[in-house]
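Dear colleague,

I am passing on the structure we spoke about, together with some notes on what was found in it. Please read the notes with the structure open beside them.

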Amino acid sequence: MRPRTLPASIAPVLVGAASAWSVLSGGGQHCVSTDDGVWMDMEMGKGPCAMPWYAYGDALPRFAGMTLLCMGVALFLQIAVNFANDYSDGVRGTDESRGVHESVSGKPQRLTASGLVAPGRVLAAAGVAAALACVCGLAVAVLSRQYWFVGVGLLCLAAGWWYTGGRHPYGYAGLGEASVFVFFGLVATLGTQLAVVQAFDGFGMPGAWRIDVSSPFDVSAWSGGWYWRGAAGLDWFGFLAAVCVGLDAVALLMVNNLRDIDDDRVHGKRTLAVRLGERGARAALVACEAAQWLTSAFLYLWLCLASADWVSYAATGHIGRMDWAALPLLLAAAAPGLAMAVRVPSRVARGRFGAALKTAGLQALWFAVAFAALSFMTAAAPDPSISGVV
């Protein structure tokens, strides 16, 4: 199952769910009513529209349920890919040096290559994990009423198998990093955000308060920049966060491929590390880590400035009086990420690949947790347009 790599599937779901929470908390655009009194109450900070969306009925259980289902899709799909990779590399002979214990080879022992488990059973384990991912994915499609997710899921399954399986696996052609960026970054993060938000379309008190979002295929949602401002469930902030998650996944795979660069070169597995050479691959890893941290620092800065309003209102009953609170929040979020971004290539340079993989996984989880925490704080900040809080 390769637990050290599983943060690559947990992180995008946490980030996507946090982005969905922000979109759902987007204020007036999700308050629809024909009663002028309702809008007046909202402006005065009273009435149904002034209540947070999560205060209604089964809103929180619905949010948590959709998030867990998306988590199931991501986790089971990655586990399936890990087993399929073990099977494919094992029967091809690529993992022939991985048949002994890690204490001997310095690399994690593989099931198929070691002969500890029959290849057919390893493939069956991949099939079981893939089936569980499909069950969760079908539930997501039904509950969000976005049935085109089924097609996306089939594409993800195909990408997982053809990574190292089939006659012409793209993982052997140096396209693994591009694949994990797309599927573990953009698809998993934005897919979670979209699924959770769309699950709330039409939810609420009829005639007084409801969450109303456009279809992602509605052309009108693109007009005036509304698409990326959350009108269809996605926003530009979630997209940048998805880029960060994708870069974290790329870093994990690059560390793994740098560890296996010699064996892969011998067996004709032309990973990106093999194509760039060891020095070039290490430089690419540093560039990846730098891009991830700079993008995440920008997101942290934006979120911390908004979160300072929440801190100010909680402490003084007014917003804008404690803007300095953004600085300690920024340091608390960005400093650990910077330390891990430096530590990953440093440990790779010293040949400590196991420690580097662990740090890269923790880095992915840290970004997800910090981003989610700041997003929830930002969403809880009062609207300065409501009288009595300025």
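Helices here are DSSP runs of H or I with at least four residues, numbered from the N terminus, and it is in this sense that F239 is placed in helix α9. Please keep in mind throughout that this is a predicted model.

F239 is also a good place to begin with the surface, since it belongs to a nonpolar patch that it forms with W222, W228, W236, F298 and W302, and the accessible area of these residues together is about 630 Å². Two elements, α9 (236-259) and α11, each give two or more residues to that nonpolar patch.

Helix α11 appears again in the interior. The count of cavities of 30 Å³ or more comes to one, and the volume of the largest cavity is about 40 Å³. Its lining consists of Q292, W293, S296, Y300, G337, Q363, W366 and F367. At least two residues of this lining are supplied by each of α11 (272-316) and α13 (353-380), with α11 giving the largest share, four residues. Sorted by class, the lining of the largest cavity has four nonpolar residues and four polar ones, while no charged residue takes part.

As for the helices themselves, I looked at how the length of α3 compares with what its residue count would suggest. Helix α3 covers residues 59-92, which is 34 residues, and at 1.5 Å a residue it should span 50 Å; because its end C-alpha atoms are 49 Å apart, the model agrees with that expectation. The residue that follows α3 is G93, whose phi is positive, near 90°.

Some further backbone angles deserve your attention. Most residues other than glycine have a negative phi. Against that background, R2 has a positive phi, near 55°, and this residue is found in the segment before α1 (7-24). R145, likewise a residue other than glycine, has a positive phi near 60°, and R145 lies in the loop that runs between α6 (119-144) and α7 (149-162).

To draw the threads together, α11 is the element to look at from both sides, as it contributes two or more residues to the nonpolar patch and four residues to the lining of the largest cavity.

With best regards

Definitions and conventions:
Residues numbered from 1 in each chain as written. Predicted model: local features only at pLDDT ≥ 70, side-chain atom pairs only at ≥ 80, totals over all residues. Heavy atoms only, no water. Expected span 1.5 Å × (residues − 1). 1 Å grid on protein atoms, 1.4 Å probe; cavity = no way out; pocket = protein on both sides within 12 Å on 5 of 7 lines; lining within 4 Å. Points joined across faces, edges and corners; volume = space filled by probe spheres on them. Nonpolar A, V, L, I, M, F, W, Y, C, P; charged D, E, K, R; others polar. Patch = residues over 30% accessible without salt bridge, like charges linked within 9 Å, V, L, I, M, F, W, Y side chains within 5 Å. Areas by Shrake-Rupley, 256 points an atom, 1.4 Å probe, with all protein chains shown as cover. Salt bridge = Lys/Arg side-chain N within 4 Å of Asp/Glu carboxyl O.
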